[in-house]
Amino acid sequence: MIQRRQFLMGAVAGLAAPAILGRSAFAQAKPVVIRMGALKLIHSIAPYFYEQFTPAGYRIEVVPFESPTEGKNAVVTRSVDFGMFGIAAGLLGASAGEPVALIAGACNKGVGVVARKDSDINTIRDLKGRRVAIWPGSTQEMFILERLSQEGMSIRDLTPVRISFSEMHAALARGDVDAYVGAEPAPGVSVSTGVGKVVEYPYGTALGSLNMITATHRDNLTAKAEEMKVLLEVHRKACEYAMANPDRMAAMAVAKLGQKPEAIAVSVPNVELVWDFTPEDRKRGETYARRMLDLKQIRRLPDFEAFFQTAAVDRLGGRA
């Protein structure tokens with residue numbers, strides 16, 4: 001009798017063990033990690049809201065970059081799975097044959113032409129002969145080139161100074177430059193500290209306010225198709241949440257960018273986080289590329305069909 005009882009207990013334990021081990025293995029299973037590159041700008045604040053919208057089984061790791069070129073290169077080398085940077089940087093890579101693919105929007109606006117508050121620079125024309133900080137190959141550079149063209153001017157009418165976005169406010173404060181074409185939150189910092197004034201938000205050209213994009217390596221369109229689907233849904237929710245809650249966007253920017261609340265308060269109205277990339281956005285993107293070709297910033301137009309890979313976001317937007 002005792003032997004029979006021991007046998008039954010052993011059998012039950014044996015049956016239970018695989019289930020227990022299975023639950024333990026499941027509990028210990030590592031989530032799928034998605035590496036998301038983001039610039040150290042309020043334009044790229046959306047990824048810091050991803051965590052609250054990321055489904056079980058996934059973890060999105062935000063990897064910060066200083067410049068659009070660094071972010072684009074990280075996508076091309078697959079140091080990150082996806083990345084946000086200016087469309088100009090993406091077009092530069094695509095025109096050179098790099099396997100970069102635009103899959104969604106990221107941010108519109110976020111640009112400001114800023115001069116010292118005590119200067120006599122009040123219009124774009126007043127920049128003539130002045131030292132102006134501009135980051136080469138950036139969307140901001142394209143905005144100012146278009147505005148200069150509208151005013152019958154060119155980059156030769158300025159003394160451009162190569163300075164990264166994060167250093168532009170400091171350079172203006174020191175007097176190293178007379179003005180800069182910067183990215184938020186720099187304009188907000190300059191205005192809120194009394195150092196600078198906004199000469200113009202330069203959105204009145206054929207480029208509109210199109211600025212930053214979400215991109216990936218072309219191979220990831222198939223190799224990481226499931227991760228891309230998850231990422232884009234999370235990105236959509238994060239952008240919509242941040243735009244619907246500007247106070248939360250401001251608080252997150254203060255926490256992640258290390259800027260003072262009063263500076264971010266000036267920046268937030270000049271930032272539009274977007275997830276979609278519409279047919280109208282594509283037309284603006286193609287205009288970007290053609291203007292870059294005219295200016296000899298690129299040697300040839302990129303393969304637009306290879307670069308614009310928006311099928312997934314078209315489905316999210318109800319266009320497919």
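This passage describes the overall build, the nonpolar core, the largest cavity and one helix residue of a predicted model.

The protein chain contains 13 helices and 11 strands. Taken along the principal axes, the box filled by its C-alpha atoms is roughly 105 × 45 × 30 Å. Of the 320 residues in the chain, 50% are buried. The chain exposes a surface of about 14700 Å², and carbon and sulfur atoms account for 53% of that area. Contacts between residues at least 6 apart in sequence were also examined. Among these contacts, 81% join residues at least 24 apart.

In soluble globular proteins, nonpolar side chains tend to be buried together. In the present model, the largest nonpolar core comprises 95 residues. The residues with the most contacts inside this core are I42, Y50, L127 and L273. Helix α8, which covers residues 225–244, makes the biggest contribution to the core, giving eight residues. The surroundings of one of these highly connected residues, Y50, were listed with residues up to four places away in sequence not counted. On that basis, Y50 touches M36, I60 and M84, together with L231, V234, H235 and A238.

The interior was then searched for enclosed space. Across the whole structure, one cavity of 30 Å³ or more was found. The volume of the largest cavity is about 50 Å³. Two elements give two or more residues each to its lining, namely helix α4 (139–150) and strand β10 (210–217). The lining includes T139 and Q140, as well as N211 and M212. The other lining residues are L39, L41, H43, P68, G86 and F165. By residue class, the lining divides into five nonpolar and five polar residues, and no charged residue takes part in it.

A final position considered is A251, which lies in helix α9, spanning residues 246–257. A251 counts as partly exposed because its relative accessibility is 47%, a value between the 20% limit for buried residues and the 50% limit for exposed ones. The C-alpha atoms of A251 and P261 are separated by 7.5 Å, and these two residues are 10 residues apart along the chain.

Terms used. Residues are numbered from 1 along each chain as its sequence is written. This is a predicted model: local features need pLDDT of at least 70, side-chain atom pairs count only at pLDDT 80 or more; totals for chains, interfaces and linings use all residues. Side-chain values use heavy atoms; hydrogens and water are left out. On a 1 Å grid over the protein atoms alone, a cavity is a set of points where a 1.4 Å probe fits but cannot get out, and a pocket is an open set with protein on both sides within 12 Å along at least five of seven lines; lining residues have an atom within 4 Å of a point. Grid points are joined across faces, edges and corners, and a volume is the space filled by probe spheres set on the points. Helices (H or I, at least four residues) and strands (E, at least two) are DSSP runs, numbered from the N terminus. Ala, Val, Leu, Ile, Met, Phe, Trp, Tyr, Cys and Pro count as nonpolar, Asp, Glu, Lys and Arg as charged, and the others, Gly among them, as polar. Buried means under 20% relative accessible area, exposed over 50%, partly exposed in between (1.4 Å probe, protein chains only). Contact means heavy atoms within 4.5 Å. Accessible areas come from the Shrake-Rupley method with a 1.4 Å probe; for residues, only the protein chains shown count as cover. A nonpolar core is a set of buried Ala, Val, Leu, Ile, Met, Phe, Trp, Tyr and Cys residues joined through side-chain atoms within 4.5 Å.
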